[in-house]
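This report goes through the ring contacts, the sheet, the nonpolar cores and the unusual backbone positions of one protein chain.

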Amino acid sequence: MRKQLMKGNEAIVKSAILAGCRGFYGYPITPASEITEAAAEYMPQVGGVFLQAESEVAAINMLYGAAAAGVRVMTSSSGPGISLMQEGISYMAGSELPCVIADITRGGPGLGNIASEQSDYHQVVKGGGHGNYRTIVLAPHSVQEMADLTALAFELADRYRNSVVLLADGFIGQMMEPVEFPQTAVAPHLPEWAVAGTAESRGNLINSLHLDCDELEAHVRHLEAKYLLAEQNEVRAEEWQTEDAEIVLVGYGIVARILKAVAAEARKGGLNVGVLRPVTLYPFPKTHLQRLAERVRVFVVVELSTGQMVEDVRLALNGARPVEFMSRVGGNVPSTEDVLEFVQKQALRHLLAEVAEEGRFVHV
């Protein structure tokens with residue numbers, strides 16, 4: 001299939017349709033509105049359903065109903081709207097209903113602004129609703145990956161009967177790049193567990209209520225086992241020039257693209273710098289970090305937040321190596337020059353600290 005020039009938001013919808021999605025329920029919000037717009041245009045063309053709900057609360061509960069009937073469904077939103085969906089996401093996790101949610105992150109808290117941030121990490125990756133549940137979270141860093149990871153999201157949602165979130169900052173949603181859709185279209189099919197209004201599905205029950213304490217504990221342990229399985233089998237990350245790296249930069253989304261440029265410039269100046277880009281934010285690529293820590297001197301995390309993913313990096317490393325942090329917020333994005341200067345300062349600081357610890361002298 002030939003490449004098409006499009007926004008990341010539009011790529012999500014076209015890939016979703018190819019993945020067999022036939023239901024979109026949502027409410028427009030910048031910078032995710034093009035997803036709703038594209039779904040309104042394309043979903044009816046393939047016999048699917050598009051419905052603009054009266055609110056994000058309504059949209060997520062419409063997903064619950066359609067998913068229970070066995071339809072591959074999705075929605076999209078941004079910070080404030082994702083906050084409103086949290087209760088429904090918890091209900092879907094408890095009922096083991098698959099769906100895909102695109103979160104195109106904007107500045108916050110509150111209404112914030114419509115510029116790009118990465119401040120939804122905590123509420124999405126840590127499970128912003130009530131109860132013991134997780135959502136699988138994929139983080140694209142290009143328009144092509146908006147398409148590729150959307151297709152993967154539907155596969156994972158069905159495999160684990162769970163919500164999968166596509167977490168992208170506003171830049172990735174709004175930018176235009178060439179996209180190719182290599183996958184074969186998936187024909188919609190009815191899962192055996194669905195409540196389809198047929199005699200065959202009459203015995204199926206979709207429910208998240210377990211009044212007996214032991215029964216609820218058994219159910220939660222069942223959910224936990226799924227998440228542990230995902231942690232074993234679904235971790236994805238990109239390592240870029242980490243083979244000889246003494247400093248590894250960690251970032252996702254638009255930040256990862258900046259970090260690759262920083263690493264290239266740093267190497268011109270004699271610093272061996274590489275990049276680790278988490279593709280799955282949950283499950284988090286802990287083992288990648290732990291393996292790199294065997295020879296890397298320092299990790300530098302860069303985020304468009306005051307520090308959210310950096311907590312998971314520090315937990316994974318457990319003090320094995322120092323972790324430095326750089327952030328911009330409010331819709332501001334650091335330049336390559338800003339990050340490079342920060343990395344150079346950290347490299348010098350840690351070199352001097354190592355020299356002082358060893359009692360040596362060095363010419364700088």
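A charge sits over a ring if NZ of Lys or CZ of Arg is within 6 Å of the ring centre and within 35 degrees of the ring normal. The model discussed here is predicted.

**Charges over rings**

Arg161 places its charged end over the ring of Trp193, 4.3 Å from the ring centre. Arg134 does likewise with Tyr282, where the charged end is 4.0 Å from the centre of the ring.

Arg161 is also of interest for its backbone: its phi is positive, near 45°, and it is a residue other than glycine. Arg161 belongs to the loop between H6 and strand S8 (163-169). Because its relative accessible area is 22%, Arg161 counts as partly exposed.

Tyr282 comes up again in two other settings. The peptide bond that leads from Tyr282 to Pro283 is cis, with omega near 0°. Tyr282 is also included in a second, separate core, described below.

**Aromatic pairs**

There are two aromatic pairs in the structure. Phe24 and Phe50 make a stacked pair, with 5.9 Å from centre to centre and 15° between the planes. Phe24 is in strand S2 (residues 23-26) and Phe50 in strand S3 (residues 49-52), so that the pair links distant parts of the chain, 26 residues apart. Phe24 is buried because its relative accessibility is 0%, whereas Phe50 is partly exposed at 23%.

Tyr121 and Tyr252 make a tilted pair, because their planes stand at 45°; the ring centres are 6.1 Å apart. Tyr121 is in helix H5 (residues 121-125), and Tyr252 is in the loop between strand S11 (247-250) and helix H9 (254-268), so this pair ties together parts 131 residues apart in sequence. Both rings belong to buried residues: Tyr121 has a relative accessibility of 0%, and Tyr252 has 2%.

**The sheet and the helix on it**

Five strands make up an open sheet of mixed pairing, in the order S10-S12-S11-S14-S15. Strand S10 (237-240) and strand S15 (323-327) are the edge strands; each has a single partner strand, so one side of each lacks a neighbour in the sheet. From one strand to the next, the twist averages 20°.

At the S10 edge, S10 pairs with strand S12 (residues 273-278) in the antiparallel sense, over four bridges. Ala237 is opposite Pro278 in S12. Helix H9 packs on the sheet and touches S10, S11, S12 and strand S14 (298-303); the direction of H9 makes about 165° with that of S12.

**Nonpolar cores**

The largest nonpolar core has 63 residues, and Met74, Leu138 and Leu249 have the most contacts inside it. Helix H6 (residues 143-160) gives the largest share of this core, ten residues. Beyond its neighbours within four places in sequence, Leu138 has contacts that include Leu149, Leu152, Ala153 and Leu156, as well as Val164, Val165, Leu166 and Leu167. Val279 and Thr280 are also among the contacts of Leu138. The second, separate core has 49 residues, among them Ile101, Ile206, Tyr282 and Leu317.

**Backbone positions to check**

The table lists the two cis peptide bonds described here.

| Peptide bond | Geometry | Omega |
|---|---|---|
| Thr30 to Pro31 | cis | near 10° |
| Tyr282 to Pro283 | cis | near 0° |

Pro31 is placed in the loop between S2 and helix H2 (33-42). Pro283 is in the loop between strand S13 (280-282) and helix H10 (286-292).

Glu96 is not a glycine, yet has a positive phi of about 55°. The loop that holds Glu96 runs between helix H4 (79-95) and strand S5 (99-107). Is Glu96 buried or exposed? Its relative accessibility is 13%, so Glu96 counts as buried; the limit for buried is under 20%.

**A contact across the sequence**

Thr184 lies in the loop between strand S9 (176-179) and helix H8 (213-233). Thr184 is exposed because its relative accessible area is 68%. Measuring from C-alpha to C-alpha, Thr184 and Leu18 are 7.1 Å apart in space, while 166 residues separate Thr184 and Leu18 in sequence.

Conventions. Residues are numbered from 1 along each chain as its sequence is written. This is a predicted model: local features need pLDDT of at least 70, side-chain atom pairs count only at pLDDT 80 or more; totals for chains, interfaces and linings use all residues. Side-chain values use heavy atoms; hydrogens and water are left out. Rings of Phe, Tyr and Trp (its six-membered ring) pair if their centres lie within 6.5 Å; planes under 30 degrees apart count as stacked, over 60 as edge-to-face and the rest as tilted. Helices (H or I, at least four residues) and strands (E, at least two) are DSSP runs, numbered from the N terminus. Buried means under 20% relative accessible area, exposed over 50%, partly exposed in between (1.4 Å probe, protein chains only). Two strands pair if DSSP finds at least two bridges between them. Axes are lines fitted to C-alpha atoms, for helices over the stretch in contact, and angles run from 0 to 180 degrees between N-to-C directions. Contact means heavy atoms within 4.5 Å. A nonpolar core is a set of buried Ala, Val, Leu, Ile, Met, Phe, Trp, Tyr and Cys residues joined through side-chain atoms within 4.5 Å.
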